[in-house]
Amino acid sequence: MTEKNEFTGKTRPSGGRGPGMARAGAEKARGFTGTWKKLLLYCRKYYVPILIAVLCAAGGTVFTLVGPDRLSDLTKVITDGLMTGIDMEAVAGIGITLVIFYACGALLSFIQHFIMTTISQAVSNRMRSDISRKINCLPMSFYSRTSNGDILSRVTNDVDMISQSLNQSIGMLVSAITLFVGSLLMMLITNVIMTLTAVAAIFLGFLLMRLITGRSQKYFSRQQRHLGELNGQIEEIYSGHTVVKAYNGEENAKHTFDEMNGKLRQSAFRAQCLAGLMQPLMIFIGNLGYVAVCVMGAVLTMNHQIGFEVIVAFMMYVRFFTQPLSQIAQATQTLQSGAAAGERVFEFLEAPEMEDESGKTAHLSHVQGSVEFEHVKFGYTDEKIIIHDFSARALPGQKIAIVGPTGAGKTTLVNLLMRFYEIQGGEIRIDGVPTSSLRREEVHSQFCMVLQDTWLFEGTIRENLIYCTPDVPEGRMEEACRAVGLDHFIHTLPQGYDTLLNDQLNLSQGQKQQLTIARAMIADKPMLILDEATSSVDTRTEQQIQSAMDALMKNRTSFVIAHRLSTIKNADLILVLKDGDIIESGTHEELLARNGFYAGLYNSQFEQAQ
């Protein structure tokens, strides 16, 4: 299956791998306008309801603007009637009209808020779903340079910030602009001289607001970036807290945290401090406008150029005129925060994906398990080649052991076989079909894996055992657990196979490994990959598991990476790797007889026993 990228227009595969762990570097801001263009493009399916919300925001503001004019009429009726008698009918009519205007304004504002809240939550839901899908579409190399915590921060903090920005800023900005322009027009209609006085006093607000918003954007971008980096560091320290304690690394971890926390505090302080200047500044400018209008109004009234009702209307118009400045400033700050968060989210969504494989039609059926490596070359970077010129062949049903010193390329070789990374030269074939002509999902479906690092999710033991293998008979599941020596332990648990795996159930590392091995046995794929599968169990359990694994590997091509060379004595073929090349190959007895590199490795492990 493939999906289309919203921004590049390219299709992308629906399968892939999960995240790795490393700290991300700092990102450079791309700009406020470009990010919001992307965000609005992302929301294009909601253009109609957004337009309705904008019209409601503008309409509600218009009803608010009409109020002072009617209030001026009400003041005139009352002041004119002080000597001759107040026309209560006129007062009641104007009062009812004002109530209707304000009620309509409140209703339209509610509709606008309801629509934008609905849209913002829908966009957040879609964005999180896109990020979740994107995680499965990115190559493994992406996760080698991005931490889990940073990705988590984008899914939570950044998406929430975008939602908040959409919900609050658009309606507020439209209302503020409408109120600002409308109040200016109403003031011009009412009295030009007082309008010019108010505008001259308030013009300073525009200049200061522009100055502050121009300086604050970079701090909002830094704030979101530093928050992601801090989350990444917390996630790493939490997941590795045992190692931190074992090596007395608490002080170093605290120092790193304090450094990152200080950067976040500094950027957040500067961003929020500049944002906090807006409110008192706008209050000052508004009060200055009030004073200017009152003084000018008093002069014009004494000269009999205007009536008292004009001053009353103007006082409200000045408030309407200055209030939007504060709202615009607040909306701008929210938009800047949204732009900073959106930049990080879109950077993730636009990251280069794995090659589209929708056009590949090659298919494997009735897999025998023949695997060929022909002059394979690979490096994680072009400068650092790990596998130089690897060639080997595994016949169906053979047990292939891959041994060698650390860094020889053993796990890398398995990753290439599974197509977690793409080779840079040569070819890998399964039953004569190049893996490059198969979809990744097709290649993955031929293998079951047991890795040194166990992976269990919060769910029942049963759910962990039959992961991605639905409709497994109960007997088959229990048989697999008996084979690895785990069935008795599971039956001692309160709910047996339905016991929930969480923080309250403490499984040893060996028991977790047994669960993952049983999971592989239940999956029953044509080929098997074992990467130090028994490294976390004791010798007695290892012997029991080894017998189960030997039964599992019958009539199944198996690739075994092992440091304990005693576990691969019965391998049909042992490949000895060093610096990315095969330096020896053969059976255990043949390699010992040569008295070469393998014999040295083997004897170094068992020289005391001999």
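Just after helix α11, R419 takes a positive phi of about 65 degrees. The model is predicted, and this backbone angle is a computed value like the others below. Helix α11 itself covers residues 410-417. Is it covered or open? Mostly covered: 7 of its 8 residues are buried. The buried set is K410, T412, L413, V414, N415, L416 and L417. A lysine and an asparagine, K410 and N415, are therefore among the residues that fall under the 20% cut-off for burial.

What does α11 lie across? The helix lies across β5, β8, β11, β12 and β13. Against β12, α11 runs at about 150 degrees. A second helix, α16, spans residues 509-523. Helix α16 lies across β8 and β11, and runs at about 170 degrees to β8.

Now turn to the sheet beneath these helices. Six strands form an open sheet, in the order β8-β11-β12-β5-β13-β14. The pairing is mixed. Which strands stand at the edges? They are β8 (447-450) and β14 (581-586). Each has a single partner strand, so one side of each is left without a neighbour in the sheet. From one strand to the next, the twist averages 20 degrees.

Start inside the sheet with β12, residues 557-561. 5 of the 5 residues of β12 are buried, so the strand is largely enclosed by the rest of the structure. T557, F559 and I561 point one way from β12. S558 and V560 point the other way. Both sets are buried.

Strand β12 has β11 on one side and β5 on the other in the sheet order. Strand β11, residues 527-531, is joined to β12 by 5 bridges, and the two run parallel. In this pair, M527 stands opposite T557. Strand β5, residues 399-403, is joined to β12 by 4 bridges, again in parallel. Here K399 stands opposite S558.

Follow β5 one step further and the next strand is β13. Strand β13 covers residues 573-578. 4 bridges join β5 to β13, and these strands run parallel. A401 of this pair stands opposite I574 in β13.

Next, the helix pairs. Two packed helices are described by the angle between their axes and the distance between the axes. Take α14 (residues 474-483) and α16. Their axes are 9 Å apart, and they pack at an angle of about 135 degrees. That makes α14 oblique to α16. The crossing is right-handed. Which residues make the contact? From α14 they are R476, M477, A480, C481 and A483. From α16 they are A518, M521, I522 and A523. Helix α16 thus appears in two settings: it lies across β8 and β11, and it packs with α14.

Earlier in the chain, a second pair is formed by α5 (residues 148-190) and α10 (residues 308-349). Their axes come within 5 Å and cross at roughly 155 degrees. That makes α5 roughly antiparallel to α10. The crossing is left-handed.

S337 is found in α10. Is S337 buried or exposed? At 9% relative accessibility, S337 counts as buried. Leaving aside neighbours within four places in sequence, S337 is in contact with M161 and F220.

UniProt, in an unreviewed entry, places the feature "transmembrane region" at residues 46-66, 90-111, 170-189, 195-213 and 273-300. How do two of these spans look in the model? Residues 90-111 are 100% helix and 0% strand, with end C-alpha atoms 32 Å apart. Residues 170-189 are also 100% helix and 0% strand, and here the end C-alpha atoms are 28 Å apart.

One last residue brings in the 90-111 span. R70 is found in helix α2, residues 47-84. R70 is partly exposed, with a relative accessible area of 23%. Which residues does R70 touch, leaving aside its neighbours within four places in sequence? The contacts are I94, T97, L98 and F101. R70 and F101 are 31 residues apart along the chain, and their C-alpha atoms are separated by 9.9 Å.

Key
Residues numbered from 1 in each chain as written. Predicted model: local features only at pLDDT ≥ 70, side-chain atom pairs only at ≥ 80, totals over all residues. Heavy atoms only, no water. Buried < 20%, exposed > 50% of the residue type's maximum accessible area, 1.4 Å probe, protein only. Pairing = 2+ DSSP bridges. Axes fitted to C-alpha atoms, helices over the stretch in contact; angles between N-to-C directions. Contact = heavy atoms within 4.5 Å. UniProt positions renumbered as here; feature names shortened; annotations may be inferred. Parallel < 35°, antiparallel > 145°, perpendicular 65-115°, else oblique. Left-handed = near helix turned anticlockwise from the far one by under 90°.
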